[in-house]
Amino acid sequence: MPDYNFLNLSPPEFEELSRDLLQKHLGVHLESFTSGRDSGIDLRHSFNPKDKLIIQCKRYKDFNSLYNKLKKEIPKVTKLNPIRYILTTSVGLTPNQKDEIITLLNPFIQSSSDIFGRDDLNNLLGQFPEIEKLHFKLWLSSTNILERILHSKIHNQSSFEEEKVKETVRVYVENKSYYQALEIIKSKKYVIISGMPGIGKTTLARILVYHYLANGFDEFVFLSDSINDGYDLYKENTKQVFLFDDFLGRNFLDKKLSNNEEQRIIRFIEKVSSSNDKVLILTTREYILAQAKLRYDIFENPSLEFAKCVIDLSQYTKFVRAKILYNHLFFAKISESHLADILDKKTYAKIINHPNYNPRVIETITHPDVWKHIKPEEFSIKFIDFLNYPESIWKHVYENQISKFSQCVLANLMTAGVPILLDDLKQLIQNFAKTHSKKYEISYSEIDFKKSIRELENTFISIKKDSINKFAVDYQNPSVQDFLVNYFKEFPDYIKDIINSSIYFNQLFKIFAIEEYYQMRGETVQRKNRIILKGNLKEIYINKILTDFDFLNTSVISRVTFSATNNSQWYKKQYSDYTKINEITKEFLVDEHPIIKQFILDRFQSIIEPNDLSGEELGYYINILDQFKDECTFDKNETIKSFSKNIVMLQQTQDFERFEDLFPDEYQEFIESDEDFLNNIEELMKEESSNAEEYYLEDTLYEIKSVGDKFGIDYYGLKEKIEERMEAYKTKQEEEYNWDDEKKESSYEPQNENDTIRDMFDSLRTELNN
């Protein structure tokens, strides 16, 4: 028998559960009763106009609260004079307590069988498991299901704790997007959730993750930086759910996707789509996906559009929007005085119908760190103001609720970007405070820094750690960065000070730009989330780049996962001169800035021989050479030969192939005559084919065929061996997930939506007081 305490349900949700259970148990149709405020009726079934069955649903923690409330209900029940009165409650009741209730409500309660306490409701759920499944929020937060979720193998997600899971489930409200996403996954095994910022993409993604972990999936893999972890942690015959949150956001807006990641993303999607025990959930902002299609043809794939679940306000009926607001107000334990301001002024109706209705704004304003700092009599006004101008919610907190030291921390964090190692952020703030202590009335100390981090945590930032307890700082949600950038556009003097005290090269390129628009495949695109530098600021910016070029470090980190141990560690990327020059050439139209162009030419000429290139540097080198080849002195043949010696992976041949466009004659001569190069590529093909994990065989075969065809290397023998391994692996017994056993959407919609919403909020004040 199930064992729920029902307290994760809000009162309206408990009423809906009671309705569904009693309809089954009694074999009658019950209607939600909303004709009058606080009428004493939650559910009703009329046999005839005089003989009626009245049901009340009471969600309380203990018997005393329940009993005191029932005493107040007696006049209403007497006036209604039902032929039969039934009570459902979340309180566990003893036989003596049921007798007390019968005595209290005599003669309306006819027997103890008309009182359904916690144990009785659990008994009914055992009899009607289809009702349990229908109320997924109840089922998802049950003790055994919660344990199954939390005891699954979790990769790369340090915030996967019990309270976070419970909090997400408590306030979530089922809507069409949930069932739409399930249907897409059932068909395609993956889904792309897109929509405007704050609309609920990440929340839906997390609910889907919980759903699959609760339904027998074994592992959850969180992809934070690139698709690489997906490949590394992919396991055949293991039910895995992958979440790539904001899969184009950080990488795409800041720079070109690295290492042909766009192709790897598409191939990973195809890999998951052909599986029987994998789910891939991706989220992105709609406008970023549109820009990705402009930049990369591969994202125009029609199958991606088919698997896209767009969340917008049309997915949220008025009733759903009301329940989201209700749940946040109820579970946040808003004070009675703050709540009274919302209820007395009927502000809830304005919030629900507001054109900028946004779950993230509601979540943020109902956070204790926010609402407690707003005067009760101003709560309604502030709520609407925040919806009118969503970023103003962060402005209010930034200007009124945190110290000057913490304000400086966020200002500098904005330029460095996240994630950033806590120690690197500390160095950044140390330098800023040392340079500008008098101006901003701050001084650095370890105590002040730790105090600031505690002050900002869970409101603006979150702290994450890797397997060796190295800590990194991230934003609580992406809208913080959006706010900071737009906020500091109005403070050029502050920006000047941040630029002058920068110690990381990436600080100068994360949010700053000197042109408001850029060209992308013939389209003029506006730079979003950037601070455009003009006049004196532009000169200071350029001078900082050129003067401190050799001294600026990097704070850019990524999470590296070791598949053998499932451990992960933060890894700091190194910025070589090629990396820095590549960043400059992406930001500046160098022909319009002679001083920058000459600096680059001088620096690149001194390192033009491509030795000891690694990783992304190969691509950066080709980018720079392509742009400045006509103005530098070098030997084309020697450059191709030297570059080829840096290739240690088949994937890197894609950068090498760009020489075909740069120097076609020299390139063709080289690949036809250089035996050392061809032998090296052939050895790499053999090495990667023999070392490939079984789950990566398809991708390895794809790469080997592509490289072999390009350079005229025979790969038939390797192809046969890989295909044999693939065939052998496919014959392994695989327990398939039952994709047909999915949740069905509830068909319930209130007959009179406005009355239902009004009564729901009218009950809120009473519910919170008990």
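In this predicted model, three strands build an open sheet in the order β12-β14-β13, with antiparallel pairing. The edge positions belong to β12 (420-421) and β13 (461-465); each has a single partner strand, so one side of each is left without a neighbour in the sheet. Strand β14 (residues 471-475) is joined to β12 by 2 bridges, and within this pairing leucine 421 has alanine 472 as its bridge partner. As a general reminder, the strands of a sheet pair through backbone hydrogen bonds, either parallel or antiparallel.

The loops around this sheet hold two backbone features worth a look. Ahead of β12, the peptide bond between valine 418 and proline 419 is cis, with omega about -5 degrees; proline 419 sits in the loop that links α23 (404-416) to β12. Between β13 and β14, the loop contains asparagine 469, a residue other than glycine whose phi is nevertheless positive, near 60 degrees. Asparagine 469 counts as partly exposed because its relative accessibility is 46%, which falls between the 20% and 50% limits. For context, most residues other than glycine have a negative phi, and most peptide bonds are trans.

Helix α24 covers residues 422-440. Its 19 residues would reach 27 Å in a straight helix at 1.5 Å a residue, but its end C-alpha atoms are only 22 Å apart. A bend of about 55 degrees is found in α24 at lysine 434. Buried residues of α24 include Leu422, Leu425, Leu428, Ile429 and Phe432, as well as His436 and Tyr440. After α24 comes glutamate 441, with a positive phi near 55 degrees.

Helix α16 (residues 318-331) offers a useful counterpart. Its 14 residues should span 20 Å at 1.5 Å a residue, and the end C-alpha atoms are 20 Å apart, so the expected and modelled values agree. Helix α16 is mostly covered, with 13 of its 14 residues buried. Just beyond α16, lysine 333 adopts a positive phi of about 55 degrees.

A parallel arrangement appears around strand β9 (residues 240-244), where 5 of 5 residues are buried. On one side of the pairing, strand β8 (residues 219-223) runs parallel to β9 and is joined to it by 5 bridges, with glutamate 219 standing opposite glutamine 240. Strand β10 (residues 278-285) also pairs with β9 in the parallel sense, over 5 bridges, and here glutamine 240 stands opposite lysine 278. In a regular strand the side chains alternate between the two faces of the sheet. In β9, Gln240, Phe242 and Phe244 point one way, while Val241 and Leu243 point the other way, and all are buried.

Several of these β9 residues recur in the surroundings of isoleucine 281. Neighbours within four places in sequence aside, isoleucine 281 is in contact with Val241, Phe242, Leu243 and Phe244, and its other partners include Ile185, Val191, Ile193 and Leu208. Isoleucine 281 is one of the residues with the most contacts inside the largest nonpolar core, a set of 222 residues; Tyr541, Phe656 and Phe761 are the others named in this group. Apart from this core lies another, of 17 residues, including Ile54, Phe63, Val91 and Ile109.

Glutamate 657 lies in the loop between α34 (653-656) and α35 (659-662). Glutamate 657 is partly exposed because its relative accessible area is 21%, just above the 20% limit for burial. Its contacts, leaving aside neighbours within four places in sequence, are Tyr667, Lys710 and Phe711. Glutamate 657 and lysine 710 are 53 residues apart in sequence, and their C-alpha atoms are 8.9 Å apart in space.

Two further loops deserve a mention. The peptide bond from asparagine 106 to proline 107 is cis, with omega near 10 degrees, and proline 107 belongs to the loop between α3 (95-104) and β5 (115-116). Asparagine 81, in the loop between α2 (63-80) and β4 (84-89), has a positive phi of about 50 degrees although it is not a glycine.

Across the whole chain there are 40 helices and 20 strands, and 56% of the 770 residues are buried. Of the contacts with a separation of 6 or more, 74% involve residues 24 or more positions apart. The accessible surface comes to about 33700 Å², and carbon and sulfur atoms account for 46% of that area.

Note on methods
Residues numbered from 1 in each chain as written. Predicted model: local features only at pLDDT ≥ 70, side-chain atom pairs only at ≥ 80, totals over all residues. Heavy atoms only, no water. Core = buried A, V, L, I, M, F, W, Y, C linked by side-chain atoms within 4.5 Å. Buried < 20%, exposed > 50% of the residue type's maximum accessible area, 1.4 Å probe, protein only. Contact = heavy atoms within 4.5 Å. Helix = DSSP H or I, 4+ residues; strand = E, 2+ residues; numbered from the N terminus. Expected span 1.5 Å × (residues − 1). Bend = angle between axes of the 7 residues up to and from the residue. Areas by Shrake-Rupley, 256 points an atom, 1.4 Å probe, with all protein chains shown as cover. Pairing = 2+ DSSP bridges.
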